[in-house]
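I opened my notebook on this one to see how the strands and the nonpolar residues are arranged. Here is what I looked up, entry by entry.

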Amino acid sequence: MAQQANIQAQTRSHTGKGAARTLRRNGRVPGVIYGHDRPSEAVTVETLALSKLLGSISAATTIVDVTVDQRAPVKALIREIQRDPLRPVNILHLDLYEVKADEKVTVSVPVRLVGIPDGVRNFGGVLDQVLYSLEVEVLPADIPDHIDLDVTNLAIGHSLFVREVSVPKARILNPPESPVCSVVAPRTEEAPAVVPEAEAAAPAEPELIRKPKAEAEGEAEE
């Protein structure tokens with residue numbers, strides 16, 4: 001089931017890069033809340049409160065009760081968190097998408113592989129995870145925190161495909177034939193190439209660092 005959290009927000013009238021920088025200097029993060037025919041509304045949230053919240057939830061699958069200017073709270077999903085590329089701890093912008101209890105949403109749910117595959121445990125294979133999340137369509141109240149997949153029976157050369165995965169009360173949107181993970185044979189080191197003794201004993205030719213005399217004279221005449 002989806003996690004639930006709360007956050008306080010305030011409307012903002014000034015937009016643009018300059019206003020956003022001023023907000024961040026004053027300990028607030030600029031953001032926007034939109035969705036369901038409501039006009040897009042520019043808001044701000046307290047940086048410290050937001051950082052604490054993001055440190056305790058799975059942002060992609062958590063329903064957040066957002067209270068704007070003391071109005072009645074609305075339920076929303078965090079759609080995007082923009083961070084400073086040089087200092088990812090610094091949050092630059094927040095996108096919130098309002099959801100309705102009776103309308104399905106599309107979310108990206110993390111995949112967790114459970115167990116040690118037979119091909120790894122008994123034959124030295126390597127488990128290769130291809131998909132780390134799955135896109136699902138689901139009602140807000142039924143959003144799973146993660147999707148656990150049992151891989152204990154996978155042998156070397158075998159894969160677990162999207163078509164074999166089911167999520168209660170949700171529809172998976174990834175292509176059915178996409179592999180989620182595979183067990184591959186252990187990699188072997190290539191043997192070093194054998195160099196014939198005669199070739200190994202032959203002195204290497206010196207690198208030519210100046211042009212032949214005839215060619216050099218021809219260029220001088222030109």
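Entry one, the nonpolar core. I am working from a predicted model, and I began with its largest nonpolar core, which has 24 residues. Which of them touch the most other members? I found Val107, Leu134 and Ile147 in that role. I then asked which elements give two or more residues to this core, and got β7 (105-114), β9 (133-138), β10 (147-150) and β13. The largest share is that of β7, with four residues.

Entry two, another core. I also noted a core of 21 residues lying apart from the largest one. Val29, Val66, Val68 and Ile78 are among its members.

Entry three, Leu134. I went back to this residue and listed its contacts, skipping neighbours within four places in sequence. From β7, I noted Val107, Ser108, Val109 and Val111. Ile147 is also in contact with Leu134, as are Val162, Val165, Ile172 and Asn174.

Entry four, an open sheet. I traced three strands in the order β8-β13-β11, with antiparallel pairing. Why is one side of β8 (126-129) and of β11 (159-161) left without a neighbour in the sheet? Both stand at the edges with a single partner strand each, so there is no neighbour on one side. From one strand to the next, I read an average twist of 10 degrees.

Entry five, β8 with β13. I looked at how β8 pairs with β13 (residues 179-184), and found four bridges in the antiparallel sense. For Gln129, I wrote down Cys181 as the bridge partner in β13.

Definitions and conventions
Residues are numbered from 1 along each chain as its sequence is written. This is a predicted model: local features need pLDDT of at least 70, side-chain atom pairs count only at pLDDT 80 or more; totals for chains, interfaces and linings use all residues. Side-chain values use heavy atoms; hydrogens and water are left out. Two strands pair if DSSP finds at least two bridges between them. Axes are lines fitted to C-alpha atoms, for helices over the stretch in contact, and angles run from 0 to 180 degrees between N-to-C directions. A nonpolar core is a set of buried Ala, Val, Leu, Ile, Met, Phe, Trp, Tyr and Cys residues joined through side-chain atoms within 4.5 Å. Buried means under 20% relative accessible area, exposed over 50%, partly exposed in between (1.4 Å probe, protein chains only). Contact means heavy atoms within 4.5 Å.
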